[in-house]
Amino acid sequence: MSNVEQTYSVLVNETSCEVTCDPETPLLWVLRDSLGLIGTRYGCGAGTCGACTVHLDGIPVHSCDTPMWSVGTKSVTTIEGLPLGDEPHPVQKELIDCQAGQCGYCLSGIIMRAAPLVDAARAGGAMLDRESVCTALDGNLCRCGVHNRIIDAVVKASNP
Amino acid sequence: MSAPANLSPSLTANPLLSDWIRFTDDEAVEALTGKSELGQGISTALTLVVARGLGLNPAQVRMVAPTTVISPDEGFTAGSLSVQHSGSALAQVCDRVRELFLTEARQHMGSDQVHLVNGQFTDGARTLTYWDMALNVDLDVTTADLTGGVNPASETTDLPRIDLADKILGRPRYLQDLRFPSQSFGRVIRPPFRGATIDQVDVAITSAHLGVQSVVIDGSFAGVVADSEIHAIEAAELLAQAITWTGTSDALTNADLVEFLVTAPTVNAPLTETATAEKATTENSDCTLSARYSRPFIAHGSIGTSTAIAQWRGDELTVWSHTQGVYPLRTDLARALNHDIESITVHHVEGAGCYGHNPADDAAYDAVLLARSVPGSPVLVSWTREDELGWGPFGPAMVVDLAASFTADGKITSWDWNGYGNGHSSRPSTLSSPSILAFGDQAHGIPIPPSNDPPLVTGGGTARNGRPLYDIETITGSIYRLDVMPIRASALRSLGAHLNVFALESHIDDIAHQLGVDPLAYRLSQLSDPRGIAVLEKVAAMSDWGNRPSGESAGRGLGFARYKNSGAWCAVVADITAEETVRVDRLWIAVDVGAVITRDGVLNQIEGGAIQSVSWTLKEEVQFADGRVTSNDWEAYPILRFSEVPHIQIEIIDHPDQPSLGSGECSMGPTAAALGNALFDTIGVRVRNLPLSPENIVSAIDE
């Protein structure tokens, strides 16, 4: 922490935003606090639970240990920016259909982790299997024990 | 078909119909409950109960989150009792409300041939709604004469969770997301070890930091308030560097735990009110089996951290919390502040998953103390992950000694149970002084007293499921509840039932093994309880019990219990692979929760409980040394990951004519037991100390 704030221009959910913060401030808190995008969750602050996952240029990252100085011109996508128009992302639709949640706190990060995988599977016409979903989600923690429903929902969502 | 039911205890405390049900001007029904949505889906289940009771569409029912302003006081959301207490109360109330409106409709239409059809009262020609008559029907009447009431589960249909879509779509729903005008944000600095006090502190640098509104030092309680969450986090880092601490730490470490638990000073009580303190007789028995079992402290490990908002306006205090009990929290806030309880309001707002007494109430008091320094501003306080895993209450470590005597034909003649550990509840309002963390740090504060156990009549704590359900002539034993509490202990899902069921079902398996009898056949031969037999037979059929998995490192085990001996029946079969670590491949679960309200809700709770129990039983152990919990991040305190989760198949034995029983905790013990028995089946060695980690397995092999 430098106690000297800087102003950053950052592209979030296809909207250009200006934020002023310490360069070391994690992207998570800029999203939640400065931009009011509260769908991204704080879980551990150390990149070990996945609750804060967002996309940088389409690639899932942990926003809790991504300092603002490192974001640069990369495009940030949060769960608020994931749906296309009014339609929820296929992962979100299947999670609702499968009632794949208890407290739901981990789901935002899980959705952001799974979405690119599902998009690629749908584009490529090859459904995901349980094993590949588990591998992809192994860095995302769920404490309520909803794993199997989540896995099933992500597999179903990958069906084009 | 409806079953006779006694008056719900919740109705004794909140006796008016209007305590529970209100018809609003926008043609909705407001249903009030004291039970909190913790992620378990209770608000959905209660919505369905009210909709059925009043013959309305669930969309017309609006559940009001618990609040000390208007909600019935139902104590804590705990013990798998929400459906039993709040569900049956609402069912009984709705039954009476419907009758009152039907009577009014018949009088108004002058006809006995008025019926409730699709939510409207009609004689075939005319119709009246609840709202048409709401001004004419007095709901400020007592429910004291209610003894029957419709069964809350007279039909089983599923209703999607009313809160889940918001959570999946990333909409504001959690307490962490709640924002008010002129909101401030706070953070608290916790001591480096238990018992440390502030020696020196210089707040100058922190106070001068961007956005800082106040720095609060009260005894050894230290925190900051700032204009944004980012500034509060930054200021907290600065304040942590500006404090020097002093004091001596407790030398206890988790490695010494078993010895500590059986030698620490205790308060003793018999296992049951009727049991004598004598050891069980071994006369007329051919065989005996004695063994010691243990588990470590276990963390709640919610994925979100505890959070609260507090606001002072003059002497009026308002708190928003994800507490399990708005009224008990209010009681402890009033005690800790020495403040008029009537000028304190507590509202429940949903938080991340709750599995027992976590730091939600502690965060509330943190927010109260910080908000006092910025009158008028609502202050949101969130805990860090390190504090959540390091400073919250833990599920108590336990030691259980079992001694059984049995005849050569398998009849168990005596069973002696002795349990050691901290009590399983230090919930707000239940101890001699407030049990909210920061109170112990304040200048005028008192350290949290040792935890207590819920009474045996409501299931007990240390002794929960200490008594086997099997046919045993004499059951004896004592509870050795610790009178000291170096590591903070309180209620975690299923309380003592996790270790007790693990221990007793391990013991039963060992007896069967000694007798050379199949573990399933042995249980069935020693059990008279028909619903217990039914879940055992069901799970045996589901898993094709006799058809063991093949392979040198594969094994199969069985676990069974009726939760609290008064709740749901659950039997679990586990298939595992034991190599460098234990992997659970598959679980089959048969459960009887009486009448099912929401089938999907029950399945979700049973499976979630089983997976959490797999995680506790295989992996989890709170580690501590020098007064400090060192397992305060996810690397030091690993929990079960996606790739480690077993396939699970669940069947529910539905009893629509029987009272509904809670489903949140009944799968924890039987799952743990099934894993232990499967491990014995695989390696031929009994591992009695949890977790079933490589270290504990090696120790058991070496013995």
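User: Domain bounds come from an automatic or database domain assignment. Into which domains is chain A divided?

Analyst: The structure is a predicted model, and everything said about it here should be read in that light. With that in mind, the assignment splits chain A into domain 1, covering residues 6-80, and domain 2, covering residues 90-157.

User: How far apart do the C-alpha centres of these two domains of chain A lie?

Analyst: The two domains of chain A touch, since 13 residues of domain 1 are in contact with 12 residues of domain 2. On the domain 1 side, strand E3 (residues 53-56) of chain A gives the largest share, three residues, and by class that side has six nonpolar, six polar and one charged residues. Taken as whole bodies, the domains of chain A have C-alpha centres separated by 22 Å.

User: Are H2(A) and H5(A) parallel, perpendicular or oblique to each other?

Analyst: The axes of H2(A) and helix H5 (residues 147-157) of chain A come within 8 Å and cross at roughly 135°. An angle over 145 degrees would count as roughly antiparallel and one from 65 to 115 as roughly perpendicular. The crossing angle therefore makes the relation of H2(A) to H5(A) oblique.

User: What handedness does the crossing of H2(A) and H5(A) have, and which residues of H5(A) meet H2(A) there?

Analyst: Where the two helices cross, the sense is right-handed. From H2(A) come Pro90(A), Val91(A), Glu94(A) and Leu95(A), and by class the contact of H2(A) with H5(A) has six nonpolar, no polar and two charged residues. Their partners in H5(A) are Ala153(A), Val154(A), Lys156(A) and Ala157(A).

User: How many residues of H5(A) are buried?

Analyst: What covers the buried residues of H5(A) includes H2, H3 and helix H4 (130-137) of chain A together with H15 of chain B, and the cover thus named takes in elements of both chains. Among the buried residues of H5(A) are His147(A), Arg149(A), Ile150(A) and Ala153(A). H5(A) is mostly covered, and of its 11 residues the number buried is eight.

User: Which element gives the largest share of the side of chain B that touches chain A?

Analyst: The contact between the chains takes 48 residues from chain B and 48 residues from chain A. On the side of chain B, the elements that give two or more residues are helix H5 (164-168), helix H7 (229-241) and helix H15 (599-619) of chain B, and this side has 19 nonpolar, 17 polar and 12 charged residues. The largest share, eight residues, is given by H15(B).

User: How far apart are the C-alpha centres of domain 2 and domain 3 of chain B?

Analyst: Chain B is divided into domain 1 (9-155), domain 2 (175-247 + 303-391) and domain 3 (258-297 + 394-424 + 460-702). The contact of domain 2 with domain 3 of chain B takes 11 residues from the former and 13 residues from the latter, and the side of domain 2 has four nonpolar, four polar and three charged residues. The C-alpha centres of these two domains of chain B are apart by 38 Å.

User: At what angle do the axes of H12(B) and H16(B) cross?

Analyst: Helix H12 (residues 497-515) of chain B passes helix H16 (residues 668-683) of chain B in a right-handed crossing. Residues that meet there include Val501(B) and Phe502(B) in H12(B), and Ala672(B) and Phe680(B) in H16(B), and the residues of this contact divide into eight nonpolar, six polar and two charged. The two helices are oblique to each other, and their axes, which come within 7 Å, cross at roughly 40°.

User: Which residue does a cis peptide bond join to Leu690(B)?

Analyst: Most peptide bonds are trans. In chain B, however, one with omega of about 0° is cis, and the proline in it is found in the loop between H16 and helix H17 (694-702) of chain B. The residue that this bond joins to Leu690(B) is Pro691(B).

User: What is the phi of Lys564(B)?

Analyst: Most residues other than glycine have a negative phi. Lys564(B) is found in the loop between strand E21 (554-562) and strand E22 (569-578) of chain B, and Lys564(B) is buried, with 26 other C-beta atoms within 10 Å. Although Lys564(B) is not a glycine, its phi is positive, at about 65°.

Key. Residues are numbered from 1 along each chain as its sequence is written. Chains are lettered from A and ligands numbered from 1 in the order in which they are written. This is a predicted model: local features need pLDDT of at least 70, side-chain atom pairs count only at pLDDT 80 or more; totals for chains, interfaces and linings use all residues. Axes are lines fitted to C-alpha atoms, for helices over the stretch in contact, and angles run from 0 to 180 degrees between N-to-C directions. Helices (H or I, at least four residues) and strands (E, at least two) are DSSP runs, numbered from the N terminus. Angles under 35 degrees count as roughly parallel, over 145 as roughly antiparallel, 65 to 115 as roughly perpendicular and the rest as oblique. A crossing is left-handed if the near helix is turned anticlockwise from the far one by less than a right angle, and right-handed if clockwise. Two residues are in contact if their C-beta atoms, placed from the backbone, lie within 7 Å. Ala, Val, Leu, Ile, Met, Phe, Trp, Tyr, Cys and Pro count as nonpolar, Asp, Glu, Lys and Arg as charged, and the others, Gly among them, as polar. A residue is buried if 20 or more other C-beta atoms lie within 10 Å of its own, exposed if 12 or fewer, and partly exposed in between; C-beta atoms are placed from the backbone.
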